[in-house]
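This report describes the fold content, extents, surface and charge placement of the chains shown below, and then turns to a single residue.

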Amino acid sequence: MNYLWAFVVGGAICVVGQLLIDYTSLTPARILTGYVVSGVILSAVGLYKPLVDLAGAGASVPLLGFGHLLAQGVRQAVDMCGLPGIFTGGLTAAAGGIAASILFGLLAALIGKSKDQN
Amino acid sequence: MKLNPKEYARMVSRTSPPSPVVKDCLWAFFVGGGICLLGEGLRQVFLIWYDVTMAGTLTSIALIFLSAACTMAGWYQKLAAKAGAGTLVPITGFANSVVSPAIEFKAEGWVTGIGAKIFGIAGPVIAYGTAASAVWGVLYWLMGKVG
């Protein structure tokens with residue numbers, strides 16, 4: 001059941017993005033930014049945690065989950081150390097994904113060749 | 001064979017190909033769902049050795065690695081042309097938005113080329129995500145003080 005929900009919920013979140021692409025003139029950068037901010041809001045009002053519990057990676061892999069991660073991190077850090085947690089919580093929770101993207105990006109630049117150069 | 005307009009409309013809709021929007025959405029659903037399914041499979045494996053938080057982080061890192069590899073091979077862009085939001089919205093799309101300019105702007109140098117261009121999409125995502133989470137942090141802190 002875990003896997004079915006991961007597939008269905010993940011797919012449905014992507015369909016919403018596709019409808020935004022087809023019916024609005026939003027660029028990919030705007031859609032991704034919107035998804036992350038929406039994820040923070042959905043997490044803050046308590047709607048996203050149940051979805052993650054149900055669908056696992058189906059809810060955490062789309063960028064909404066990235067927003068949820070930021071919001072959850074801030075909340076935990078505020079619980080632990082009060083107001084300074086606002087600055088440390090979000091990016092601490094999201095560090096793995098951000099660092100991996102940067103590191104693999106630099107690695108790809110190091111060994112990869114631009115198609116134009118070939 | 002005589003047809004009234006209603007029957008004709010029904011015949012046309014049965015034989016005509018699905019509208020581009022429906023086709024786009026089916027692609028987005030199956031590819032996006034598939035990437036999440038792969039993520040869930042990885043997460044279950046990581047859960048054998050790690051707690052929920054670390055398993056989630058490792059799932060993201062593994063998917064980002066796979067996305068980087070597919071982007072380098074040129075496969076991710078090909079899939080994205082069909083799958084649209086199905087490849088954009090998952091974390092693999094975020095990774096693609098970092099890795100793709102890293103390769104593309106190599107010719108412009110390591111600092112102002114690669115170093116700056118990798119944040120073309122990731123920059124706004126991280127900036128506004130952080131800002132939104134800080135707003136939430138302030139509200140949550142105030143709620144703790146009041147309640």
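## Charges, chains and one buried serine

In chain A, 5 positive and 4 negative charges have mean positions that lie 7 Å apart. The model is a predicted one. For chain B, the corresponding distance is 10 Å, taken between the mean positions of 11 positive and 6 negative charges.

**Chain A.** Six helices and zero strands make up the secondary structure of chain A. Read from the N terminus, the order of elements is α-α-α-α-α-α. Along the principal axes, the C-alpha atoms of chain A occupy a box of roughly 55 × 35 × 30 Å. Chain A has 118 residues, of which 47% count as buried. Among the contacts in chain A with a separation of 6 or more, 52% join residues 24 or more positions apart. The exposed area of chain A is about 5,700 Å², with 70% of it supplied by carbon and sulfur atoms.

**Chain B.** Chain B has eight helices and zero strands, and its pattern along the sequence is α-α-α-α-α-α-α-α. Its radius of gyration is 22 Å, whereas the globule rule gives 15 Å for 147 residues; the value is well over the rule, so chain B is more spread out than a compact globule. The C-alpha trace of chain B spans about 75 × 55 × 35 Å along its principal axes. Of the 147 residues in chain B, 37% count as buried. Residues 24 or more positions apart supply 47% of the contacts in chain B with a separation of 6 or more. Chain B exposes about 8,100 Å², and carbon and sulfur atoms account for 71% of that area.

The table sets out the exposed areas by chain.

| Chain | Exposed area | Share from carbon and sulfur atoms |
|---|---|---|
| Chain A | about 5,700 Å² | 70% of the exposed area |
| Chain B | about 8,100 Å² | 71% of the exposed area |

**Ser67(B).** This residue belongs to helix α3 of chain B, which covers residues 52-73. Is Ser67(B) buried or exposed? Ser67(B) counts as buried because its relative accessibility is 2%, and the cut-off for buried is under 20%. Which residues does Ser67(B) contact, leaving aside neighbours within four places in sequence? The contacts of Ser67(B) on that basis are with Tyr76(B), Thr92(B), Ala95(B) and Asn96(B).

Technical notes:
Residues are numbered from 1 along each chain as its sequence is written. Chains are lettered from A and ligands numbered from 1 in the order in which they are written. This is a predicted model: local features need pLDDT of at least 70, side-chain atom pairs count only at pLDDT 80 or more; totals for chains, interfaces and linings use all residues. Side-chain values use heavy atoms; hydrogens and water are left out. Helices (H or I, at least four residues) and strands (E, at least two) are DSSP runs, numbered from the N terminus. Buried means under 20% relative accessible area, exposed over 50%, partly exposed in between (1.4 Å probe, protein chains only). Contact means heavy atoms within 4.5 Å. Accessible areas come from the Shrake-Rupley method with a 1.4 Å probe; for residues, only the protein chains shown count as cover. Lys and Arg count as positive and Asp and Glu as negative; His and the chain ends are not counted. The place of a charge is taken as NZ of Lys, CZ of Arg, CG of Asp or CD of Glu. The radius of gyration is taken over C-alpha atoms; the globule rule is 2.2 Å times the number of residues to the power 0.38.
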